[in-house]
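Trainee: I have the sequence and the model open side by side, and I'd like to go through the fold with you. Could we start in the middle of a sheet and work outwards?

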Amino acid sequence: MAFDNLLSFIIKNRLEKMRKLLLESDLISIQKQIEKYDYKKLQLVKKYHLINGLNHVVKNSPYYKDKMPPQIKDLKFDNALAIIPKLPFTTSAEVSKDSEQFLAIPKEDVVNIHFTYGTTGGKKTIYNSKKDMEQINNSYTLGFLNCGIEKTDIAQLVYSFGVWGLAENIQRVLLNLGIITLSTGNYVNFQEQQQFIEKFGTTVIFGTPSYVYNLASECDLPQKSKDKMKAILVGGEGLPEHRRTIIEERLGGEVYINYGLNEVGGGIGSECKIHKGYHVFPSVHVEIVNPKTREPVDIEEYGELVVTTLNREAMPLIRYRTGDMTRLIDGDCDCGLKLPRIDYLKGRADDKVVIGAAEKYYPINFDLLFDPMPEIKDYWIEISTRNEKDALLVHVLADKPSKKLEQKIIEKFYTMDSIKIDIETTKTLNVPEVVFIDKLPKGGKRRRLVDKRKFLK
Ligand SMILES: [Zn+2]
């Protein structure tokens with residue numbers, strides 16, 4: 001026990017040093033400090049936070065208090081991580097049903113509230129304490145460092161500002177780091193965004209993949225501005241690989257994808273210069289489970305990502321089922337950073353739709369289909385039932401809607417074998433229909449596939 005205490009003390013002090021560095025915004029020192037981390041040290045830090053975090057949960061979380069296994073009382077430092085598979089899962093629906101049940105600090109100690117609209121389970125209220133906000137700052141800072149951001153950068157923030165809090169978090173962290181930030185949001189038009197880039201010499205852009213892709217398609221940046229551009233940081237949605245190339249060609253710089261969920265306190269991981277998956281931040285523990293059996297899958301095998309927050313004060317979440325499908329990447333990353341990696345998301349388990357004769361589709365399948373068509377500015381697909389068959393209604397935003405374009409879109413569907421077979425052979429799908437729209441539905445994150453069919457459960 002004495003040894004455990006001593007170890008905790010040492011780790012705590014090391015973390016204090018790290019925190020101090022982060023607060024001082026001395027980017028070079030932080031980078032050096034992070035590079036010194038190895039798996040062993042990270043495991044120690046993780047165990048330390050897990051034990052503290054679980055003690056806090058058992059004592060203060062109305063939701064988890066009575067759900068914890070008895071072994072938790074005599075948790076030893078050495079095998080602390082072994083307790084995780086014995087802990088209960090938490091679902092998105094449970095959090096949205098009564099977010100307050102998850103609040104583990106007095107309400108007056110909450111300093112930040114935001115909301116998140118998940119794809120299932122409805123709206124969730126997310127609470128953060130002052131310490132949680134520092135933790136968010138630290139994770140984001142670490143993510144920015146992985147992408148090579150420096151104090152001399154000029155950032156342009158094109159996320160929508162509002163209840164989901166992502167833009168505000170980034171803005172705050174950039175302010176702390178002393179980086180000039182043009183918070184243009186997504187309210188000005190693309191020409192104005194371009195004027196900002198040119199006038200102020202933007203070197204980093206932050207936005208959702210779909211908005212940044214549209215911005216890249218609409219902008220015609222002079223080479224001088226492209227040369228200045230260093231990094232484009234996207235997050236909040238997935239990014240099809242070919243869009244990465246188009247964005248880099250048209251805006252300059254290197255695209256970095258960041259992955260996070262508001263429910264677990266913002267950042268989960270970020271890409272590094274090697275661009276092979278996301279390095280997972282030390283503030284969370286991740287597991288990959290089979291979504292049906294909930295059993296862990298083998299290393300490198302795909303499954304559902306489950307996240308446990310390690311040192312979250314206001315709203316700790318235990319084994320939170322994200323619905324996102326990914327896998328752990330084995331082995332070291334060439335960048336030298338020892339943080340574990342997860343692969344790009346294969347899709348959200350709940351974004352997946354089954355159309356026609358049991359064929360599974362993710363939104364990316366349709367992005368791949370329509371991206372080569374410059375006439376299409378944006379689109380979303382509504383799925384319903386007509387004549388006892390599935391029906392697809394494609395809402396298309398286009399500069400010049402025409403009968404010819406409509407026909408071209410329908411022909412595009414036929415290039416997907418599974419769609420063609422379901423229309424012609426299995427007769428489980430109607431011929432897709434197109435409707436042209438003037439503007440997109442409002443909101444930061446949009447769903448590409450909206451399923452309006454009614455299923456018996
Ligand atoms: Zn790396």
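Trainee: Which residues of E5 are buried on one side, and which on the other?

Mentor: Keep in mind first that this is a predicted model. In E5, Val-204 and Phe-206 are buried on one side, while Ile-205 and Gly-207 are buried on the other, and both faces of the strand are therefore covered.

Trainee: And which way does E5 run against E3 and E6?

Mentor: E3 and E5 run parallel and are joined by three bridges, with Gln-156 having Ile-205 in E5 as its bridge partner. E5 and E6 also pair in the parallel sense, over four bridges, and there the bridge partner of Phe-206 is Leu-233 in E6.

Trainee: What's the strand order in the whole sheet?

Mentor: The order is E4-E3-E5-E6-E7-E8-E9-E14-E13, an open sheet of nine strands with mixed pairing. Strand E4 (180–182) and strand E13 (328–329) are the edge strands, each pairing on one side only.

Trainee: Where do helices pack on that sheet?

Mentor: Helix H6, residues 166–176, packs on the sheet and touches strand E3 (154–157), E4, strand E5 (204–207) and E8, with its direction at about 165° to that of E3. Helix H10, residues 241–251, packs on the sheet as well, touching E5, strand E6 (231–235) and E7, and its direction makes about 130° with that of E7.

Trainee: How do E7 and E8 run, parallel or antiparallel?

Mentor: Strand E7 (residues 254–261) and strand E8 (residues 266–270) run antiparallel and are joined by four bridges; Leu-261 stands opposite Gly-266 in E8.

Trainee: Changing topic, which residues touch the most other members of the largest nonpolar core?

Mentor: That core has 75 residues, and Ile-170, Phe-206, Val-212 and Ile-232 are the ones that touch the most other members. Its largest share, six residues, comes from helix H3 (residues 39–60).

Trainee: What is Ile-170 in contact with, leaving aside its neighbours within four places in sequence?

Mentor: With those set aside, Ile-170 is in contact with Tyr-140, Leu-157, Tyr-159 and Phe-206. There is also a second, separate core of eight residues, which includes Phe-366, Tyr-379, Ile-409 and Val-434.

Trainee: Phe-366 is in H11, so which residues of that helix are buried?

Mentor: In helix H11 (residues 363–370), Pro-363, Asn-365 and Phe-366 are buried. They lie on the same side of H11, because they cover an arc of only 155° around the axis.

Trainee: What about the four-strand sheet, which strands stand at its edges?

Mentor: The open sheet of four strands has the order E20-E19-E18-E21, with mixed pairing. Strand E20 (433–437) and strand E21 (449–451) stand at the edges, and since each has a single partner strand, one side of each is left without a neighbour in the sheet. From one strand to the next, the twist averages 25°. Strand E18 (residues 376–386) and strand E19 (residues 389–398) run antiparallel, joined by 10 bridges, and Ile-376 stands opposite Ala-398 in E19.

Trainee: One last residue: is Gln-407 buried or exposed, and why?

Mentor: Gln-407 counts as exposed because it has 11 C-beta neighbours inside 10 Å, and the cut-off for exposed is 12 or fewer. Gln-407 is in helix H12 (residues 403–414), and its C-alpha is 8.7 Å from that of Val-434, although the two residues are 27 apart in sequence.

Note on methods:
Residues are numbered from 1 along each chain as its sequence is written. This is a predicted model: local features need pLDDT of at least 70, side-chain atom pairs count only at pLDDT 80 or more; totals for chains, interfaces and linings use all residues. Two strands pair if DSSP finds at least two bridges between them. Helices (H or I, at least four residues) and strands (E, at least two) are DSSP runs, numbered from the N terminus. Two residues are in contact if their C-beta atoms, placed from the backbone, lie within 7 Å. Axes are lines fitted to C-alpha atoms, for helices over the stretch in contact, and angles run from 0 to 180 degrees between N-to-C directions. A residue is buried if 20 or more other C-beta atoms lie within 10 Å of its own, exposed if 12 or fewer, and partly exposed in between; C-beta atoms are placed from the backbone. A nonpolar core is a set of buried Ala, Val, Leu, Ile, Met, Phe, Trp, Tyr and Cys residues joined through C-beta atoms within 7 Å. The arc is that of the directions from the helix axis to the C-beta atoms.
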